[in-house]
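I opened this one with no background and wanted to get my bearings. Here is my notebook, starting from the picture itself.

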Amino acid sequence: MAFGRRNYASSTPSSGSLLSQIPLWVLRFLQFVFAITVIGLYAQDLRKAHKEHKYTDSKWAYATAVGTIGAASAMALAWPALSLFAWGWDLVVFILFTALFGLFGKMYIHENPEGDSGVKRMKNAVWIDLINMLLWFVTAIYGMIRFFFFRGGRSLHTGRATV
């Protein structure tokens, strides 16, 4: 049986079948779109400060960095070969977005915009941060479920050992 055919298209979600990848691709696409949105919402204040020769606020630099990490991670982790073990990195990015939401949520959720478009934009950015946080949490939980419950199979070379 060592040289027999192995069923690589099994019905378990960890097998990389198209059916199991579609929800992950949709989530990764949404993560990418919302991460790019975070970059756009926070980077314009960094650009404005740079043009006016003012200091770069570390909070806005952190927000832009987290958005960049989120966008790059969403693109990289959309590959099926990486998706099975990605739940650990998903948790890291989830924690980064949680800190971002907490930081700007404390500053802007209870702020009254009073016609100030900058404050209104930052209030909207806080809710985008929350959406990002939840998307990364969902992919982390989905990845953990796939990793811990649907890994069952046989070893690649001999097919005798249960993995």
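These entries follow one helix and its surroundings.

**Entry 1, ground rules.** I noted that this is a predicted model, so I read everything below as computed from that prediction.

**Entry 2, length.** I looked up helix 1, which covers residues 18–51 and has 34 residues. At 1.5 Å a residue it should span 50 Å. I found its end C-alpha atoms 47 Å apart, which agrees.

**Entry 3, bend and exit.** Where does helix 1 bend? I found the bend at Ala-43, by about 30 degrees. Just after the helix, I saw that His-53 takes a positive phi of about 55 degrees.

**Entry 4, buried side.** Which residues of helix 1 are buried? My list includes Leu-24, Leu-27, Arg-28, Gln-31, Ala-35 and Val-38. Further along, Leu-41, Tyr-42, Leu-46 and Ala-49 are buried too. I reminded myself that an α-helix has 3.6 residues a turn, so residues three or four places apart point the same way.

**Entry 5, nonpolar patch.** I then checked the surface and found a nonpolar patch of about 610 Å². Leu-18, Ile-22, Trp-25, Val-26, Phe-29, Leu-30 and Val-33 make it. I picked out Leu-30, which sits in helix 1. It counts as partly exposed because its relative accessibility is 31%, between the 20% and 50% cut-offs.

**Entry 6, Ile-36.** Ile-36 is also found in helix 1. With a relative accessible area of 39%, I logged Ile-36 as partly exposed. What lies 32 residues from Ile-36 in sequence but 7.3 Å from it in space? I found Thr-68 there, with the distance taken C-alpha to C-alpha.

How values were computed. Residues numbered from 1 in each chain as written. Predicted model: local features only at pLDDT ≥ 70, side-chain atom pairs only at ≥ 80, totals over all residues. Heavy atoms only, no water. Helix = DSSP H or I, 4+ residues; strand = E, 2+ residues; numbered from the N terminus. Expected span 1.5 Å × (residues − 1). Bend = angle between axes of the 7 residues up to and from the residue. Buried < 20%, exposed > 50% of the residue type's maximum accessible area, 1.4 Å probe, protein only. Patch = residues over 30% accessible without salt bridge, like charges linked within 9 Å, V, L, I, M, F, W, Y side chains within 5 Å. Areas by Shrake-Rupley, 256 points an atom, 1.4 Å probe, with all protein chains shown as cover. Salt bridge = Lys/Arg side-chain N within 4 Å of Asp/Glu carboxyl O.
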